[in-house]
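I wanted to look through this model slowly, one site at a time, and write down what I found. My notes begin once the sequence and structure have been shown.

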Amino acid sequence: MADTGARPLVLLDVDGPLNPYAAKPEKRPAGYTTHWVKPASWVASNPHGRPRPAAYTRPLRLWLNPDHGSWLRSLGGDLVWASTWMHEANEFIGPRIGLPHLPVIEWRRMDRFDPDGLHWKTREILDWVGDGRSFVWIDDEITDADRAWVAGNHAGPALLHRVHPAIGLTREDIDAVAAWVSAAFGGRASAAAAG
Ligand SMILES: [Mg+2]
């Protein structure tokens with residue numbers, strides 16, 4: 001992809017960081033609101049294997065924090081959806097948390113197996129980001145194997161920031177990412193965001 005300057009890419013997972021699905025059902029984390037949605041991909045994922053009308057599909061529960069959009073925009077990076085929600089994130093997630101329409105990584109495969117034990121997103125993320133572009137990846141499934149592989153295979157600065165899926169993205173997470181962006185880019189990223 002084209003180099004758009006010093007701003008890092010900020011790649012966003014949905015389930016885990018923005019929708020803390022692993023929290024106890026009766027304990028919605030503070031700051032979140034509940035939404036019931038029926039994305040087309042959810043309707044199509046009928047475990048019984050047969051198509052069924054959307055009216056007969058149970059809606060999917062989403063917990064979303066309306067502060068997340070402004071927190072993420074404050075990072076001064078170029079936000080990108082890096083989620084199995086793909087384009088549906090622009091329809092069901094972004095507008096509910098105050099994010100504009102964002103670019104989407106369209107996964108070629110969503111496999112669970114990797115010969116080196118990497119997350120199934122990791123190699124595709126590096127392909128998508130391209131040579132040397134700096135990026136932050138926020139996800140609840142990042143491991144040290146992913147961090148080591150990215151460190152050895154990506155020329156630019158990269159931060160793989162793991163968020164707990166029962167807690168979701170916190171102010172502390174944002175502060176940690178912002179500190180990394182600031183250390184990597186000085187004032188340039190935030191100055192570009194302000195301008
Ligand atoms: Mg996730």
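The entries below take up the metal site and then the pockets.

Entry one. I kept in mind that this is a predicted model, and I looked up which residues hold the magnesium ion. I found that its protein donors are Asp-13 (OD), Asp-15 (O) and Asp-140 (OD), which lie 2.1 Å from the ion. Along the sequence, I noted the spacing of these donor residues as D-x1-D-x124-D. Asp-15 sits in the loop between β1 (9–12) and β2 (33–37), while Asp-140 sits in the loop between β5 (135–139) and α6 (144–153), so this pair ties together parts that are 125 residues apart in sequence.

Entry two. Are Asp-15 and Asp-140 buried or exposed? Since buried means under 20% relative accessible area, I wrote down Asp-140 as buried, because its value is 5%. Asp-15, at 25% relative accessibility, I entered as partly exposed.

Entry three. I turned to the largest pocket, which holds about 400 Å³ of space. Its lining is made up of 20 residues, and those nearest its centre are Asp-13, Asp-15, Ser-83, Thr-84 and Trp-85. I recognised Asp-13 and Asp-15 from my first entry, where they are donors of the magnesium ion. By class, I listed eight charged, six polar and six nonpolar residues in this lining.

Entry four. The second largest pocket holds about 200 Å³ of space. Among the residues that line it I noted Arg-108, Arg-109, Phe-113, His-119 and Trp-120. This lining has six charged, three nonpolar and two polar residues.

Notes:
Residues are numbered from 1 along each chain as its sequence is written. This is a predicted model: local features need pLDDT of at least 70, side-chain atom pairs count only at pLDDT 80 or more; totals for chains, interfaces and linings use all residues. Side-chain values use heavy atoms; hydrogens and water are left out. Donors are N, O and S atoms within 2.8 Å of the metal (3.2 Å for Na, K and Ca); water is not among the atoms, so sites may look incomplete. Helices (H or I, at least four residues) and strands (E, at least two) are DSSP runs, numbered from the N terminus. Buried means under 20% relative accessible area, exposed over 50%, partly exposed in between (1.4 Å probe, protein chains only). On a 1 Å grid over the protein atoms alone, a cavity is a set of points where a 1.4 Å probe fits but cannot get out, and a pocket is an open set with protein on both sides within 12 Å along at least five of seven lines; lining residues have an atom within 4 Å of a point. Grid points are joined across faces, edges and corners, and a volume is the space filled by probe spheres set on the points. Ala, Val, Leu, Ile, Met, Phe, Trp, Tyr, Cys and Pro count as nonpolar, Asp, Glu, Lys and Arg as charged, and the others, Gly among them, as polar.
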